[in-house]
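Good morning, colleagues. Please take a moment with the sequence and the structure before I begin.

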Amino acid sequence: MLRAGFDSLLSLVMFLIFTGFAVAALVFAALAREDAYRAAEKQTKKFWLIVLGINLALNLLFPMLFLQIAGVIAAIVFMVDVRPALQQVSGGGGGRRGGGSSSDGPYGPYNGGR
């Protein structure tokens with residue numbers, strides 16, 4: 001009896017973690033600019049929105065472990081490979097580490113064509 005309760009609790013915790021991660025990846029994918037995907041030489045924004053959206057839908061509609069694991073792999077690939085590349089070409093996404101100005105581009109400061 002105790003084993004069944006632990007298994008269902010573990011399943012619930014895994015469902016919540018995997019679904020939360022899928023939501024976070026989908027939000028980050030949606031917030032990134034389309035041109036950043038091209039500049040980072042990654043798949044298109046539309047591709048990642050479809051992959052991550054299907055991942056989230058499958059997590060919500062069919063909470064089976066093998067589908068959740070496949071979905072979390074897609075979300076992990078986005079979060080550890082695509083998202084950092086998007087942040088790099090978009091100017092860091094958050095605090096500037098290099099102390100650059102707001103007019104800095106991906107190859108250095110923009111000087112207005114001078």
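I shall speak about a pair of helices and then about the salt bridges. Please bear in mind throughout that this is a predicted model.

Let me begin with one residue, T19, which belongs to helix α1, residues 2-31. Is T19 buried or exposed? Its relative accessibility is 11%, and because buried means under 20%, T19 counts as buried. Which residues does T19 touch, once its neighbours within four places in sequence are set aside? They are L56, N59 and L60.

That leads to the packing of α1 against helix α3, which spans residues 45-61. Two packed helices are described by the angle between their axes and by the distance between those axes. Here the axes come within 9 Å of each other and cross at roughly 160°. Since angles over 145 degrees count as roughly antiparallel, α1 is roughly antiparallel to α3. The crossing of α1 and α3 is left-handed. On the α1 side, the contact is made by F15, F18, T19, A22, V23, A25, L26, A29 and A30. From α3 come K45, L49, L52, G53, N55, L56, N59 and L60. By character, the residues of this contact are twelve nonpolar, four polar and one charged.

I turn now to the charged pairs. How many salt bridges does the structure hold? There are three.

In one of them, the side chains of R33 and D35 meet, with an N to O distance of 2.9 Å. R33 counts as partly exposed, at 44% relative accessibility, and D35 likewise counts as partly exposed, at 35%.

Another joins R38 to E34, whose closest N and O atoms are 3.7 Å apart. Both residues lie in helix α2, residues 34-39, and they are four residues apart, about one turn of the helix. R38 is exposed, with a relative accessible area of 54%, whereas E34 counts as partly exposed at 32%.

There is also the salt bridge between K42 and D81, where the closest N and O atoms lie 3.1 Å apart. This pair links distant parts of the chain: K42 sits in the loop between α2 and α3, while D81 is in helix α4, residues 65-89, and 39 residues separate the two. K42 is partly exposed, with a relative accessible area of 28%, and D81 counts as partly exposed at 37%.

To close, I would return to T19: this buried residue is among those through which α1 contacts α3. Thank you for your attention.

Notes. Residues numbered from 1 in each chain as written. Predicted model: local features only at pLDDT ≥ 70, side-chain atom pairs only at ≥ 80, totals over all residues. Heavy atoms only, no water. Buried < 20%, exposed > 50% of the residue type's maximum accessible area, 1.4 Å probe, protein only. Contact = heavy atoms within 4.5 Å. Axes fitted to C-alpha atoms, helices over the stretch in contact; angles between N-to-C directions. Parallel < 35°, antiparallel > 145°, perpendicular 65-115°, else oblique. Left-handed = near helix turned anticlockwise from the far one by under 90°. Nonpolar A, V, L, I, M, F, W, Y, C, P; charged D, E, K, R; others polar. Salt bridge = Lys/Arg side-chain N within 4 Å of Asp/Glu carboxyl O.
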